[in-house]
Amino acid sequence: MMHLSFSLTLSRNKETVITSISRLFSPMEVKLLSSVFGLSPVSSERVVGNAVLPISKSNPRRQTNRVTAINSVASKTHVGVQRIIKYENGAATIAKVVENPYLKAETATPDLHKSLLDFLEEARDFVGDDDGPPRWFSPLECAAQAQGSPLLLFLPGIDGTGLGLIRHHKKLGEVFDVWCLHIPVRDRTPANDLVKLIERTVRSENYRFPNRPIYLVGESVGACLALDVAARNPNIDLLLILANPATHVNYFMSQPLVGMLNVLPDGVPTLLEEIFGFKHGDPLTGMIDALTNELAVHQMSGVGGGILKDLFAVSAHLPTLSRIFPKDTILWKVELLKSAVISANSHIYAVRAETLIILSGRDQWLLKEEDINRYSLTLPKCIVRKLKDNGHFLFFEEGVDLASIIKYTNFYRRGKSHDHLSDYIMPTRYELKKQLDDHKLLIDATSPVYLSTLEDGKIVRGLEGLPSEGPVLYVGYHMLLGLELGPMITQVLKERNIHMRGMAHPMLFINSEVTFVDTQMLDKYKILGGVPVSNFNIYKLLQAKSHVLLYPGGIREALHQKGEEYKLFWPEQQEFVRVASKFGAKIVPFGVVGEDDICKLVLDGDDQRNIPILKQFMEEATKQAGNLREGDETELGNQDCYLPGLVPKIPGRFYYYFGEPIETAGKEQELKDKDKAQEFYLQVKSEVEQCIAYLKMKRESDPYRQLLPRMMYQASHGFSSEIPTFDL
């Protein structure tokens, strides 16, 4: 099916595509690729297996043994497919045909497509004269979860429909077994009995799958029920996600509401329908439905558009809302809410479950921030995620993605504890797009140049020289504040579909408030696959044949002093050679330059130690970050954490150079010798230094190193054009 879909796309532009191929590759490669894409008149069959084709003798450079990725044709035709071509003994082999979903990440659409309108449409089928009992249902969109996925039980808020996660069903359903609790409108089950019903399900599923964690996702009143269930079952592996938990009832607002409802006649919903004519199938309702759909089709942007669309949606479904919230049900829900809040607050000290609280900045009805602070101190493992600009109904709002929040907080696990390797979930195309957008200013301002080395030693522009298959260990220089990381990791993922798992300082995975940084600024490291640096994690990643990114200089290089740019601060003794050789990993040395072209370091660590208030700040930050090299008496073991004072410059350009891969396969026994391993280690370090020196030298001849020439080039050639650089 995949081959058929892209063949149909390509068949409409065969001449253009064949012309593009012929410009990029040798004649035999043209024949190979044309056959693969169904463009060759010789054969329209799909190429499978390892059919070997001879290569023209006219191009000696193509006679070397190498493996490369060809995706330029796919990129030109918007096809997310990558051909891994292997060159061996003068012949080309299709080593692998893989999808690259990230090739066109810039055009990705949001993962969550549904809206309040969809909720109201589906809620219509849930509203009737049913008087209970409450029951579970699993949305059809959630049928694609992987084997071994944890169970997620959604406990609804005040509406009780169980459809509160409707925008999130599809994405959550890929990694969870999702069940939703539906409480019929006419049901009058007390809070305590609802807790018992949920508890029976939790115990039953825990009995069936004792090693599978169970997530309880509760919204407002549902969060109170989740806390009660957790308090009653401290020995079951539960994880709580509480969205705007109802910690108290605002009586200043609720008492007038109850008083008003008590004096209104019972037939208010019917009366509203008669007055405004909002009955399903009526002409007025049909007109509003059409307007709503028109707004949805055009995807109106901005706050005003979203509010207007929701207004039409609510207006068109007033009968549905009136049946979800009839007068007697609202009065009952208020009493249910009061009892649930009292019960949860009284049992909070018995909860032992890991907890993630998602808190809105504009919800003042059912929670108080001081209560949340008390929860975060009382619950033993509690993360608080604050969304400043959102209201009470979090899961209906644009920009709120529950699955992404779970990734950002490392709150997803399939076993007894979170494993940064096996529990990691790859970013979606849209999540990568958001990262590209977040780094867009830096990328556009610095126009990065990426160079890599083929196996024959030839330096090429682009990332063609990176090994396609792991295990691979990338070892290089860490720029000031790690400015190179975001552009590099996203580009490698987008261009080559290679996912670098970066070894990062554990402080980047702290979910609690820290002195020196907003924790939400660290989301990018988690979503892009960062792993706390440790020998064990490096071992496990290489064992899994991953692409691992390691900075031996670590935080010492990222927080260097004045005049220390491009200087390596590696440990004296090797730390990665033996583990790389154990798994036969290729080691790719790389260098990056450009930090001195975008900013000037004016206040470094030495300066800040002489300023009392900044010295105190440094000490607190260093204490919170911890010491990875405790016992090391060198400067690497006594590195302070601080925020350097920078003055921006008119931006120059970033340059990345990946050197020739260094083989360790077959050297495990040799490198067990301490002296041999140390010699190999110094060789890798020397290669990194040579990469940096090469870039520093070559950038002097780049006519587009400065911003103005780059802007003029793009003004005449298009802003999406690739800007030239120095001659290779």
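At what angle do the axes of helix α7 and helix α8 cross? In this predicted model, the axes of α7 (residues 191-208) and α8 (residues 221-232) cross at roughly 60° and come within 9 Å. That angle makes α7 oblique to α8, and the crossing is right-handed.

Let's look at who meets whom at this crossing. From α7, the residues in contact are Ala191, Asn192, Leu194, Val195, Lys196, Ile198, Glu199, Val202 and Arg203. On the α8 side, they meet Leu225, Asp228, Val229 and Arg232. Sorted by character, the contact residues divide into seven nonpolar, one polar and five charged.

Next, the strands. Strand β8 runs parallel to β9, and the two pair over six bridges. One of the bridge partnerships joins Gly218 to Leu242 in β9. Strand β9 is largely enclosed by the rest of the structure, because six of its six residues are buried. Both of its faces are covered: one side carries Leu238, Leu240 and Leu242, while Leu239, Ile241 and Ala243 sit on the other, all of them buried.

Here are the elements met so far, with their residue ranges:

| Element | Residues |
|---|---|
| Helix α7 | residues 191-208 |
| Helix α8 | residues 221-232 |
| Strand β8 | residues 214-219 |
| Strand β9 | residues 238-243 |

Finally, a stop at a single residue: Ser404, which lies in helix α16 (residues 402-408). Is Ser404 buried or exposed? Its relative accessibility is 3%, so Ser404 counts as buried. Setting aside neighbours within four places in sequence, Ser404 is in contact with Lys171 and Glu431.

Definitions and conventions:
Residues are numbered from 1 along each chain as its sequence is written. This is a predicted model: local features need pLDDT of at least 70, side-chain atom pairs count only at pLDDT 80 or more; totals for chains, interfaces and linings use all residues. Side-chain values use heavy atoms; hydrogens and water are left out. Axes are lines fitted to C-alpha atoms, for helices over the stretch in contact, and angles run from 0 to 180 degrees between N-to-C directions. Helices (H or I, at least four residues) and strands (E, at least two) are DSSP runs, numbered from the N terminus. Angles under 35 degrees count as roughly parallel, over 145 as roughly antiparallel, 65 to 115 as roughly perpendicular and the rest as oblique. A crossing is left-handed if the near helix is turned anticlockwise from the far one by less than a right angle, and right-handed if clockwise. Contact means heavy atoms within 4.5 Å. Ala, Val, Leu, Ile, Met, Phe, Trp, Tyr, Cys and Pro count as nonpolar, Asp, Glu, Lys and Arg as charged, and the others, Gly among them, as polar. Buried means under 20% relative accessible area, exposed over 50%, partly exposed in between (1.4 Å probe, protein chains only). Two strands pair if DSSP finds at least two bridges between them.
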